[in-house]
Amino acid sequence: MTASNEAEQNQVGTADPAAASSEGIPLLPQDETPSGSTELARELRRLRGLVAGSVYEDVHDAVRTVRELADHLEAVGKPVRPKDYGTWGTPEHIGANPAIGQRNPVSPPLEPVVFPDATVRADLELGIEYQGPPGCVHGGIVALLFDEMLGLANAASKSVGMTADLRITYSSPTPLYAPLRFEARQDRVEGRKIWASATLHAGNTLCASAEGLFVEPCGIRDHERSRPIEG
Ligand SMILES: CCCCC/C=C\C/C=C\C/C=C\C/C=C\CCCC(=O)SCCNC(=O)CCNC(=O)[C@H](O)C(C)(C)COP(=O)(O)OP(=O)(O)OC[C@H]1O[C@@H](n2cnc3c(N)ncnc32)[C@H](O)[C@@H]1OP(=O)(O)O
């Protein structure tokens, strides 16, 4: 495999929708790095839920432990600098993403699959760290996940765009700790403008729907694809 083929294989959105089964195929490369970064993020997600969702009598020991861990990681880590990679969809790029980033403990993360018609689906449950109204998912989190799902639907159709307009209709509260399903698809493309839409269901209940207009950045096509994003 050539270096450019390998880079393409590692990008999000390069899965062939035509190869998908009725369960869909994962859209993102599975990133179980030998370094353990993905596992570290997974444990930090556990911590995140425990800290936001529990009341403790005394956590001073835990504070010390976490501070020592943060000091250690700061000392041994090599920061990922966005200016070192301009390309969309590389592991360096998407690893830090707040919705799908396997390296980012803030992300749920979404684990999208793609279907033969290039529809992208993600099933997940969200815990108390994503709470807005009591027992319900925060509307801003719903917007974040919609934005990402629309972007991924574009990626599944081999295009990328900056969000120019995002409209969300919240139809019914989105429950915490319940199976949720996002589905997104690209609707149409005119020049650099891309329209995509998505739904969010809890069971049979439509919680929210989204429509987005994305504008492809200048200089992202074909031979220019690896150049830095120019917006
Ligand atoms: C090809 C490679 C494919 C490879 C695929 C593989 C992998 C993909 C990889 C990764 C994908 C993974 C994840 C992606 C997931 C999520 C994406 C997250 C997206 C974001 O988180 S992104 C951050 C928030 N977002 C911004 O930060 C945008 C700030 N903004 C700007 O950067 C500019 O504003 C921009 C670029 C939008 C436009 O600027 P510009 O100068 O390039 O273009 P211009 O203004 O000329 O507009 C051109 C035409 O769009 C129309 N237009 C523009 N804006 C409009 C609006 N609001 N409403 C209605 N129409 C609008 C104009 O009216 C004109 O239309 P017309 O041509 O018909 O006249």
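What covers the buried residues of helix 5? Keep that question in mind; Exercise 3 works through it.

**Before you start**

This is a predicted model, in which local features need pLDDT of at least 70, side-chain atom pairs count only at pLDDT 80 or more, and totals for chains, interfaces and linings use all residues. Residues are numbered from 1 along each chain as its sequence is written.

**Exercise 1. Lay out the fold**

Task: count the helices and strands, and find their pattern along the sequence.

Solution.
- Step 1: Take helices as DSSP runs of H or I with at least four residues, and strands as runs of E with at least two, numbered from the N terminus.
- Step 2: The protein has 5 helices and 7 strands.
- Step 3: Along the sequence they follow α-β-α-α-α-β-β-α-β-β-β-β.
- Step 4: Of the 231 residues, 26% count as buried. Buried means that 20 or more other C-beta atoms lie within 10 Å of the residue's own; exposed means 12 or fewer, and partly exposed is in between, with C-beta atoms placed from the backbone.

**Exercise 2. Build the sheet**

Task: work out the strand order of the sheet and trace the pairing from strand 2 to strand 6.

Solution.
- Step 1: Let two strands pair if DSSP finds at least two bridges between them. The 7 strands then form an open sheet in the order 1-2-3-5-6-7-4, with antiparallel pairing.
- Step 2: Strand 1 (25-26) and strand 4 each have a single partner strand, so one side of each lacks a neighbour in the sheet.
- Step 3: Strand 2 (residues 113-114) joins strand 3 through 2 bridges and runs antiparallel to it. Val113 stands opposite Arg121 of strand 3. The two strands make a hairpin with 5 residues between them, and Ala118 in its turn has a positive phi of about 70 degrees.
- Step 4: Strand 3 pairs with strand 5 over 5 bridges, again antiparallel. Here Arg121 has Glu183 as its bridge partner, while Ala122 stands opposite Phe182.
- Step 5: Strand 5 and strand 6 are antiparallel over 10 bridges, with Arg188 and Trp195 as one bridge pair. Their hairpin has 2 residues between the strands, and Gly191 in the turn has a positive phi of about 60 degrees.

**Exercise 3. Compare two helices**

Task: which residues are buried in helix 5, and how many in helix 3?

Solution.
- Step 1: The expected span of a helix is 1.5 Å times one less than its number of residues. Helix 5 has 18 residues and reaches 25 Å from first to last C-alpha, close to the expected 26 Å. Helix 3 (residues 60-76) has 17 residues and also reaches 25 Å, close to the expected 24 Å.
- Step 2: Helix 3 is hardly covered, with 0 buried residues.
- Step 3: The buried residues of helix 5 include Val142, Leu145, Phe146, Met149 and Ala153.
- Step 4: Back to the opening question: the cover over these residues includes strand 2, strand 3, strand 4, strand 5, strand 6 and strand 7.
- Step 5: Just after helix 5, Lys158 takes a positive phi of about 65 degrees.

**Exercise 4. Find the core**

Task: which residues have the most contacts inside the largest nonpolar core?

Solution.
- Step 1: A nonpolar core is a set of buried Ala, Val, Leu, Ile, Met, Phe, Trp, Tyr and Cys residues joined through C-beta atoms within 7 Å.
- Step 2: The largest has 35 residues, and Met149 and Ala184 have the most contacts inside it. Helix 5 gives the largest share, 9 residues.
- Step 3: Two residues are in contact if their C-beta atoms, placed from the backbone, lie within 7 Å. Leaving aside neighbours within four places in sequence, Ala184 contacts Val120, Met149, Leu150, Leu152, Ala153, Ala196 and Ala198.

**Exercise 5. Place Asp165**

Task: is Asp165 buried or exposed?

Solution.
- Step 1: Asp165 is found in strand 4 (residues 162-170).
- Step 2: Asp165 counts as exposed because it has 10 C-beta neighbours inside 10 Å.
- Step 3: Not counting residues up to four places away in sequence, Asp165 touches Gly212 and Leu213.
- Step 4: The C-alpha atoms of Asp165 and Asp147 are separated by 9.9 Å, with the two residues 18 apart along the chain.
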